[in-house]
Amino acid sequence: MKCEHCTRKECSKKTKTDDQENASVDVPSPAQENGEKGEFHKLADAKIFLSDCLACDSCVSAEEGIQVSQQNAKDFFQVLNLNKKCDASEHRVLAVSLCPQSLPYFAAKFSLSVTDASRRLCGFLKSLGVHYVFDTTIAADFSILESQKEFVRRFRQHNEEEPALPMLTSACPGWVRYAERVLGHPVTPHLCTAKSPQQIMGSLVKDYFARRQNLSPDKIFHVIVAPCYDKKLEALQEDVLTASRGSRGTDCVLTSGEIAQMMEQSDVSVREAALDTLFGDMKEEELRRHDGAGSDGYLAHIFRHAAKELFNEDVGEVTYRALRNKDFQEVTLEKSGEVLLRFAAAYGFRNIQNVILKLKKGKFPYHFVEVLACAGGCLNGRGQARTADGRTDKALLQKMKGIYADIPVQLPEASTHVQELYQEWLDGTDSPRVQEALHTAYQGPGQPADSRDIKW
C-alpha cells in the first residue's frame with residue numbers, strides 16, 4: 001500500500017526517523033525565518049515526523065499535501081510566539097481539544113493515572129500559553145446520538161429498490177477519505193451522515209464557545225490532539241456553522257506523539273491543571289468514555305439503541321464474536337431463532353476491503369458496520385505508541401488498553417450538558433440547525449491525474 005497523503009510524484013508526508021526509507025519534512029521555524037531565537041524555538045524546531053499512510057495518491061491533492069505538512073508544532077508555536085510579541089488586542093485565543101483515545105497514551109507513557117495524565121498535559125499546554133483545554137468526549141456524544149437516530153430511520157426506510165442499509169460509520173477520516181475519493185457510489189450512500197467528533201468539536205469551539213465568550217471564530221486558534229495523522233487531513237475539510245463562513249473548525253491537528261515529544265524536550269516548569277469545560281463552570285468533571293474497546297464505541301451504542309427502539313429489547317453487555325480475525329467481529333440480536341440485527345466491526349484496511357467486495361457483490365448480511373482504518377481501533381492510531389523505527393509499541397499499547405478500559409463508561413443519552421446544548425445551541429433535537437451543524441454530505445471520487453486503484 002502506498003504512503004498516506006502522497007501527491008502525484010512524491011510524498012508530502014514523510015515519516016518517523018531520518019532513516020533510509022523516510023526523510024523528515026524540513027520547514028524553517030518562525031524563529032529561523034526571522035533570524036530570532038524565540039522563547040519556544042527549541043521545541044518548534046523539534047523534528048516531528050509524520051506516519052505511514054492509510055490512503056493512496058488518489059485521495060490527496062498536491063495542495064492538500066502541503067497544507068497537511070504545515071500542520072505541525074511549528075505552526076502551533078508560531079501562534080504562541082506571536083501572542084507574546086503582539087499587542088493584547090491582536091492576541092488569538094488558543095484552545096486545545098483532547099481526544100479520549102490520546103489520554104491513555106500519556107498515562108501509560110508517563111506511568112500516571114489517566115486523571116493525573118490529563119492534569120499534567122493540561123498544565124503543560126497552559127504553561128506554553130494555551131488558554132483552554134477541552135475533552136472531545138462531548139462531541140462524540142453528539143455524533144453517536146445522531147448516528148443512532150439515523151440508523152433507526154434507515155432501518156425503517158430500507159427496501160430492495162432503494163436500499164438504505166447497511167449503514168457504515170463515518171467517524172474515521174482515513175476510511176471516509178478512501179470511500180469518497182476512491183470508492184464512490186455505491187459505497188458513499190451507505191456512509192452515516194453524522195459528522196465526526198472532531199468536526200463537531202470544531203463547531204462547538206468556534207461557534208457555541210466563541211459566542212459564549214463574545215469572540216469572533218477567527219479570533220480562536222483551535223488545536224486537536226489526536227491519536228492518528230488522518231485527523232490532520234480531516235481538519236482541511238471542516239465547515240463550521242457560524243456567521244463567518246470562512247472559519248475552519250480546527251486550525252491545527254497535533255498527534256499525541258508530537259505533544260509527548262514536546263513535553264520531553266521542554267524545560268518549561270509545569271503546574272498541573274484541570275481540564276476546562278465549554279460551559280465555563282469551574283467544577284472538574286470526571287473523565288469518561290464510550291463503550292468501545294479502543295474507539296468511541298459506535299457499534300455498541302447504536303446496537304443497544306436500535307434493539308430497544310425497533311424491537312423493544314433491552315441489551316446489557318454486548319457480546320462480540322470474532323470471525324475472520326480479531327479485527328473483524330460480529331454482534332447479533334436474535335429472537336425465537338430469527339436474527340433481528342446483525343452488526344459488524346471492521347478494523348484495518350484488509351477487513352475494509354472484504355466488506356467493500358461483499359457490498360459490491362450484493363452479498364452483504366450486515367445492517368451496520370463500524371469501520372476504522374487502524375487495526376485495533378483508535379488507540380492504535382499511528383500518531384502514538386510507536387517505537388523508534390515506527391512500529392507499534394506493543395507493550396505500551398497493552399498498558400493503554402487496560403487504562404482505557406478502566407475509564408468509566410457513560411451513555412451519551414445520560415449527558416445533561418448534551419441535552420442542554422441541543423436546546424440552547426441547536427434550537428431542539430430535530431431543528432434545521434441540527435442537520436446543518438451535526439450532519440454532512442459526501443462527494444464522489446474525482447479523476448485526479450495519475451490516480452490508480454489501491455493494491456493490498
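**View 1. Thr137, tucked away in helix 7 of a predicted model.** Thr137 counts as buried because its relative accessible area is just 2%, and that is under the 20% cut-off. The residue sits in helix 7. Skip the neighbours within four places in sequence, and Thr137 is in contact with Pro100, Arg288 and His290. Pro412 is 275 residues away along the chain, yet the C-alpha atoms of Thr137 and Pro412 are separated by 9.2 Å.

**View 2. Arg288 and Asp141 pair up through a salt bridge.** Arg288, one of the contacts of Thr137, puts a side-chain N 2.6 Å from an O of Asp141. Are these two residues buried or exposed? Both Arg288 and Asp141 are buried. Arg288 lies in the loop between helix 11 (256-265) and helix 12, whereas Asp141 belongs to helix 7, so the bridge ties together parts that are 147 residues apart in sequence.

**View 3. The largest nonpolar core and its best-connected members.** This core holds 48 residues, and Phe151, Trp175, Leu341 and Phe343 touch the most other members. At least two residues each come from helix 7 (137-157), strand 3 (167-168), helix 8 (173-183), helix 12 (298-311), strand 7 (328-335), strand 8 (338-347), helix 13 (349-361) and strand 9 (368-372). Which element supplies the largest share? That is helix 12, with eight residues. In soluble globular proteins, nonpolar side chains tend to be buried together.

**View 4. Zooming in on Leu341 and what it touches.** Residues up to four places away in sequence are not counted here. Leu341 touches the aromatic-ring residues Phe151, Phe155, Phe303 and Phe311, among others. Its list also includes Ala306, Ala307, Leu310, Val331, Thr332, Leu333 and His367. Apart from the core around Leu341 lies another one, of 43 residues, among them Phe76, Phe106, Phe124 and Ile407.

**View 5. Helix 4, end to end.** Helix 4 covers residues 73-85, which makes 13 residues. At 1.5 Å a residue the helix should span 18 Å, and its end C-alpha atoms are 18 Å apart, so the expected and modelled values agree. Buried residues in helix 4 are Ala73, Lys74, Phe76, Phe77, Val79, Leu80, Asn81 and Asn83. Phe76 turns up again as a member of the 43-residue core.

**View 6. Lys231 and Glu234, a salt bridge inside helix 10.** The N to O distance for this pair is 3.8 Å. Both residues lie in helix 10 (residues 230-235), three residues apart, which is about one turn of the helix. An α-helix has 3.6 residues a turn, so residues three or four places apart point the same way. Lys231 counts as buried because its relative accessibility is 11%, and Glu234 does too, at 6%.

**View 7. More charged pairs from a total of 20 salt bridges.** Arg321 and Glu330 form one of them, with their closest N and O atoms 2.5 Å apart. The two ends sit in unlike surroundings: Arg321 is partly exposed at 48% relative accessibility, while Glu330 is buried at 7%. Elsewhere, Asp207, Arg211, Asp427 and Arg433 are linked in a network of salt bridges.

**View 8. The largest cavity, about 270 Å³.** The whole structure has three cavities of 30 Å³ or more. In the largest, 23 residues make up the lining, and Ala171, Cys172, Lys231, Leu372 and Cys378 are the closest to the centre. Lys231 is also the salt-bridge partner of Glu234. Helix 9 (197-212) and strand 9 are the elements that give two or more residues to this lining. Which of the elements gives the most? Strand 9 does, with three residues.

**View 9. Backbone oddities: two cis peptide bonds and two positive phi angles.** Most residues other than glycine have a negative phi, and most peptide bonds are trans. The Leu165 to Pro166 bond is cis, with omega about 5°, and Pro166 is in the loop between helix 7 and strand 3. His185 and Pro186 are also joined by a cis bond, with omega about 15°; Pro186 sits in the loop between helix 8 and helix 9. Asn214 has a positive phi of about 55°, lies in the loop between helix 9 and strand 4 (220-226), and is exposed at 73% relative accessible area. Asn312 also has a positive phi of about 55°. The loop between helix 12 and strand 6 (321-325) is where Asn312 is found, and its 55% relative accessibility makes it exposed.

Conventions. Residues are numbered from 1 along each chain as its sequence is written. This is a predicted model: local features need pLDDT of at least 70, side-chain atom pairs count only at pLDDT 80 or more; totals for chains, interfaces and linings use all residues. Side-chain values use heavy atoms; hydrogens and water are left out. A nonpolar core is a set of buried Ala, Val, Leu, Ile, Met, Phe, Trp, Tyr and Cys residues joined through side-chain atoms within 4.5 Å. Buried means under 20% relative accessible area, exposed over 50%, partly exposed in between (1.4 Å probe, protein chains only). Helices (H or I, at least four residues) and strands (E, at least two) are DSSP runs, numbered from the N terminus. Contact means heavy atoms within 4.5 Å. The expected span of a helix is 1.5 Å times one less than its number of residues. A salt bridge is a side-chain nitrogen of Lys or Arg within 4 Å of a carboxyl oxygen of Asp or Glu. On a 1 Å grid over the protein atoms alone, a cavity is a set of points where a 1.4 Å probe fits but cannot get out, and a pocket is an open set with protein on both sides within 12 Å along at least five of seven lines; lining residues have an atom within 4 Å of a point. Grid points are joined across faces, edges and corners, and a volume is the space filled by probe spheres set on the points.
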